Amino acid sequence: MGGSENGATDNQNKPTETSLSPDSIINLDQGDPTLFEPYWKKMGDKCTLVIGGCDLMSYFSDSSNICWFLQPQLGDAIKGLHRVVGNAVTDGRHIVVGTGSTQLLMAALYALSSPSASHPVSLVAAAPYYSGYKDQAEFLRSGLYKWEGDAHTFDKDGPYIEVVTSPNNPDGTIREAVVNLGEGKLVYDLAYYWPQYTPITHPLDHDIMLFTFSKCTGHAGSRIGWALVKDKEVARKMTEYMQISSIGVSKESQLRAAKILGVLSEGCQHFRTADSENFFEYSHRIMRERRESLQNVVKNSKIFSLPKFPQDYCNFTGKYTDSNPAFAWLHSKEGIDWESLLREHKIIGRSGERFGADPKYVRISMFSPPEAFNLFLERLSAIIDNTNGNVVGGEESSIIK
């Protein structure tokens, strides 16, 4: 989603077990957050969960709940974490659990569309938008909704759905709705609204808010996401979609997520004490170090740049903090196709064109294993040295046009 990134292969080796050579291809296209693995290794048995062979056999978790397959332990853990972090309102909200926030977005589109409408509802997001939105909307060729692209240029009459990603994937900016017309409905994708990525300025309070376990803690393989939904009927229809598409969500994954979110919340109780470094402190430090390392390389370039973000007061940390986006949104001031240039140096990024932007932009994942990230910095430094040498007297030479 704004947070879900796929690209699985048949290679069953752990992503962190890398052995790169100077000629290795570095794949920075995917947002696979394995760099947080060392923290969870330190937790040892705190996150261990034992499930017996006779446990969790029923489809049902809580038949009195609208989302009848939501494990109560996960619902409590989600509310507890949002309360500790202060990033979203949970009072009076229905929780719908999904197989990642990708499935929940599709459930929201189903819930907000009208099967009796004469035309599909328009779906938009402000460019640069998460590249997966277009793919997901067009995959099944649904007659309920139609991808219409950039919200900035959308001017059609009638109902529409705008997906607001904040912080945004790919560029890390804080977003609000763009279209603001009378018949619009909003879905907020908040995969990265956690303290390691951005200052938590206030608890968000929107009709539909999507979160994902993968980008909160790094546990992408569990495939757990959740929606905080204000309207009971919308929550019911989202649950209906989940029932039809997958008859619920794995209970084993839900209980694992509940266990880990509980450990995370407990660690936050000791924030700003000498007891231990909680996960958000750890992950913020790792993301900050990576951002600063990349900035130190890019600042030497005459034609490449990164977005700049002002500090803001974070209610969670109690101090002014920087933004550390999950992706670097690299820009070229000259006529360079970033994705092609990187591929020449055996670096795989995702072109700005995939996000409704210009190919002068490329998205680079900041989640790669340390060895891969350091090799990327070495190669990027060499690219910058080369392009700086091809800029003569402030003008771009024909070599890099």
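This is a chat about the fold and some local details of a predicted model.

Reader: So what am I looking at, and how do the strands of the open sheet line up?
Author: It's a predicted model. Seven strands make an open sheet, ordered β2-β8-β7-β6-β5-β3-β4, with mixed pairing.

Reader: Which ones are the edge strands?
Author: β2 (94–98) and β4 (145–150), each of which pairs on one side only. From one strand to the next, the twist averages 25 degrees.

Reader: OK, and β5, how many of its residues are buried?
Author: Six of the six, so β5 is largely enclosed by the rest of the structure. Tyr160, Glu162 and Val164 point one way from the strand, while Ile161, Val163 and Thr165 point the other way.

Reader: Why would they split like that?
Author: In a regular strand, side chains alternate between the two faces of the sheet.

Reader: What does β5 pair with, and in which sense, parallel or antiparallel?
Author: Strand β3 (residues 121–125) runs parallel to β5 (residues 160–165) and is joined to it by three bridges. In that pairing, Leu123 stands opposite Ile161. β5 also pairs with β6 in the parallel sense, over six bridges, and there Val164 sits opposite Tyr188.

Reader: Now helices. Which strands does α3 lie across?
Author: Helix α3 (residues 100–112) lies across β2, β3, β4, β5, β6 (184–189), β7 (208–212) and β8 (225–229). Its direction is at about 160 degrees to that of β7. Helix α6 (residues 232–246) packs on the sheet too, where it touches β2, β7 and β8. The direction of α6 makes about 15 degrees with that of β2.

Reader: What about α2, how far does it reach?
Author: Helix α2 covers residues 72–85, 14 residues in total, and spans 20 Å from first C-alpha to last, close to the 20 Å expected. Its buried residues are Leu74, Gly75, Ala77, Ile78, Gly80, Leu81, His82 and Val85.

Reader: What do those buried residues pack against?
Author: β2, β7, α5 (213–217), β8, α7 (251–268) and α8 (279–298). Right after α2 comes Gly86, with a positive phi near 80 degrees.

Reader: And which residues of α4 are buried?
Author: In helix α4 (residues 131–139) they are Ser131, Gly132, Tyr133, Gln136 and Ala137. Their cover includes α3, β3, β4, β5, β6 and β14 (350–351). Arg141 follows α4 and has a positive phi, near 50 degrees.

Reader: Switching topic: how many aromatic pairs are there?
Author: The count comes to 26. One of them is Tyr192 with Phe327, an edge-to-face pair at 6.1 Å centre to centre with 80 degrees between the planes.

Reader: Where do those two sit in the chain?
Author: Tyr192 is in the loop between β6 and β7, and Phe327 is in strand β12 (residues 327–332), 135 residues apart, so the pair links distant parts of the chain. Tyr192 is buried at 3% relative accessible area, and Phe327 is buried at 5%.

Reader: What's the story with Trp194 and Phe211?
Author: Their ring centres are 5.7 Å apart and the planes are at 65 degrees, so this pair is edge-to-face. Trp194 lies in the loop between β6 and β7 and Phe211 in strand β7, so the pair ties together parts 17 residues apart in sequence. Trp194 and Phe211 are both buried.

Reader: Which charges sit over rings?
Author: Among them is Arg363, whose charged end sits over the ring of Phe327 at 3.8 Å from its centre. Lys237 lies over the face of Tyr110, 5.4 Å from the ring centre.

Reader: Last thing, where are the cis peptide bonds?
Author: One runs from Ala127 to Pro128, with omega near -5 degrees, and Pro128 is in the loop between β3 and α4. Another joins Ser166 and Pro167, with omega about -10 degrees; Pro167 is in the loop between β5 and β6.

Reader: And Asn180, buried or exposed?
Author: Exposed, at 58% relative accessible area. Asn180 is in the loop between β5 and β6, and has a positive phi of about 55 degrees although it is not a glycine. Leu56 also has a positive phi, near 60 degrees, and counts as partly exposed at 25% relative accessibility.

Note on methods:
Residues are numbered from 1 along each chain as its sequence is written. This is a predicted model: local features need pLDDT of at least 70, side-chain atom pairs count only at pLDDT 80 or more; totals for chains, interfaces and linings use all residues. Side-chain values use heavy atoms; hydrogens and water are left out. Two strands pair if DSSP finds at least two bridges between them. Helices (H or I, at least four residues) and strands (E, at least two) are DSSP runs, numbered from the N terminus. Axes are lines fitted to C-alpha atoms, for helices over the stretch in contact, and angles run from 0 to 180 degrees between N-to-C directions. Contact means heavy atoms within 4.5 Å. Rings of Phe, Tyr and Trp (its six-membered ring) pair if their centres lie within 6.5 Å; planes under 30 degrees apart count as stacked, over 60 as edge-to-face and the rest as tilted. Buried means under 20% relative accessible area, exposed over 50%, partly exposed in between (1.4 Å probe, protein chains only). A charge sits over a ring if NZ of Lys or CZ of Arg is within 6 Å of the ring centre and within 35 degrees of the ring normal. The expected span of a helix is 1.5 Å times one less than its number of residues.
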